[in-house]
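Dear colleague,

I am handing over the structure we spoke about, and my notes on it follow below. Please read them alongside the coordinates.

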Amino acid sequence: MMADRRKFLKSTIFSGLAVSTASLSSLSCSTPKEPKKPIVISTWNHGKEANAAAWEVLSKNGKAVDAVEKGVMVTENDPNNATVGIGGFPDRDGNVTLDACIMDENDNAGSVAFLQNFKNPISVARKVMDDTPHVMLVGEGAKKFALSKGFKEENLLTESSEKAWKNWLKNQDYEPEINIENHDTIGMVALDENGNLSGACTTSGAAWKMHGRVGDSPIIGAGLFVDNEIGAATATGLGEFVIKICGSHMIVELMRQGFSPQEACEQAVNRIVKKYPDNYKNLQVGFLALNKQGEYGAYSIHKGFNFAVRSEDQDELIDAGNYSG
Ligand code: SD4
């Protein structure tokens, strides 16, 4: 309803202006704006480096799905990043358990959760999407599948994350930090030269989580959603609250109704704030969205969430707007 009203208002204002400034013949020739493509956006500081790898693919007319996989692998491979892939902080029992998912332009999806000892969960998720009749594999089954596809097991608990875990064991308080070291999950969405959208999301999840906990990042519709007709969205932050509102799916559906990526991200954050008035002050969630036109938006509950944008004429980190000012 609101979107219809907005569209009606927009079209009324537009027609009013058009009638006063242009001839009817020029109106009938008006063409829609060319989409801005290719373009890739991703979460946090680490998004810049990840975007560079994605851009390598996109700038050579490559597919968005390949770009997002290559892009987020950069973050997974960084042992100094304590929130994604190798070097990720472990659960409270000292296990690094990884979650990731990917979606392509044909509504295909692949996901792995609670995966241990594989450095690139996003590539395992890609194989689940491409080579199985399933969307999601977890734990032991995901491990068996990864081994069958030639992925190699390795220890992902680095010296520094083990040290951090041992330090945590002293007090054992579970209080997920807001904007942990200014990098958290990496979520990436891209629009390629052919106008196709894809997305990827990968994380080591909440530090010191309970063994077996899975967050939003590998859940299609929560941590990531792509609909090639409309747009794509991804999330970062405390996954429990993203899952409970089905965040990324909600954003894509709002874009379908006519909201801009920015407006849709704001609505999703507002939903969390409204539904969890006692919680939102102590937790961070951030959303990113991109539509078919290459327009993007981002919004978070608290200050400090930023995202990286790469296109032909842009390569920058941008601070997202936030609810709490
Ligand atoms: C998750 N969104 O697993 C991810 C990352 C995270 O605190 O834990 N952030 O919830």
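The protein chain has 10 helices and 13 strands, and please keep in mind throughout that this is a predicted model. Of its 325 residues, 54% count as buried, and the accessible surface of the chain comes to about 14600 Å², with 51% of that belonging to carbon and sulfur atoms. Among contacts between residues at least 6 apart in sequence, 66% join residues at least 24 apart.

Turning to the ligand, the residues around it are Asp 184, Thr 185, Thr 203, Gly 205, Ala 206, Arg 213, Gly 215, Asp 216, Ser 217, Gly 237, Leu 238 and Gly 239. Sorted by class, this shell holds 2 nonpolar, 7 polar and 3 charged residues. Three side chains deserve a look with regard to the nitrogen atoms of the ligand: an N or O atom in the side chain of Asp 216 is 2.7 Å from a ligand nitrogen, a polar side-chain atom of Asp 184 lies 3.0 Å from a ligand nitrogen, and for a polar side-chain atom of Thr 185 the corresponding distance is 3.3 Å. On its own the ligand has 280 Å² of accessible area, and the protein covers 96% of it.

Thr 185 can be followed further. This residue sits in the loop between α7 (159-171) and β5 (186-191), and it counts as buried because its relative accessible area is 3%, under the 20% cut-off. The side chain of Thr 185 also makes a polar contact of 3.1 Å with the side chain of Thr 203, a residue that likewise belongs to the ligand shell. Leaving aside neighbours within four places in sequence, Thr 185 is in contact with Thr 43, Trp 44, His 46, Val 84, Cys 201, Thr 202, Thr 203, Ser 217, Ala 235 and Thr 236.

Cys 201, one of those contacts of Thr 185, leads to a last point, namely why no bond is assigned between Cys 201 and Cys 101. The closest cysteine sulfur to that of Cys 101 is the one in Cys 201, at 5.5 Å, and because a disulfide requires the two sulfur atoms to be within 2.5 Å, this separation is too far for a bond. The count of disulfides accordingly comes to 0. Both residues are buried, Cys 101 with a relative accessible area of 0% and Cys 201 at 0% relative accessibility.

With best regards

Definitions and conventions: Residues are numbered from 1 along each chain as its sequence is written. This is a predicted model: local features need pLDDT of at least 70, side-chain atom pairs count only at pLDDT 80 or more; totals for chains, interfaces and linings use all residues. Side-chain values use heavy atoms; hydrogens and water are left out. Helices (H or I, at least four residues) and strands (E, at least two) are DSSP runs, numbered from the N terminus. Buried means under 20% relative accessible area, exposed over 50%, partly exposed in between (1.4 Å probe, protein chains only). A polar contact is a pair of N or O atoms within 3.5 Å; within protein, one must be able to donate a hydrogen and the other to accept it, and residues adjacent in sequence count only if both atoms are side-chain atoms. Contact means heavy atoms within 4.5 Å. A residue is near a molecule or strand if one of its heavy atoms lies within 4 Å of it. Accessible areas come from the Shrake-Rupley method with a 1.4 Å probe; for residues, only the protein chains shown count as cover. Ala, Val, Leu, Ile, Met, Phe, Trp, Tyr, Cys and Pro count as nonpolar, Asp, Glu, Lys and Arg as charged, and the others, Gly among them, as polar.
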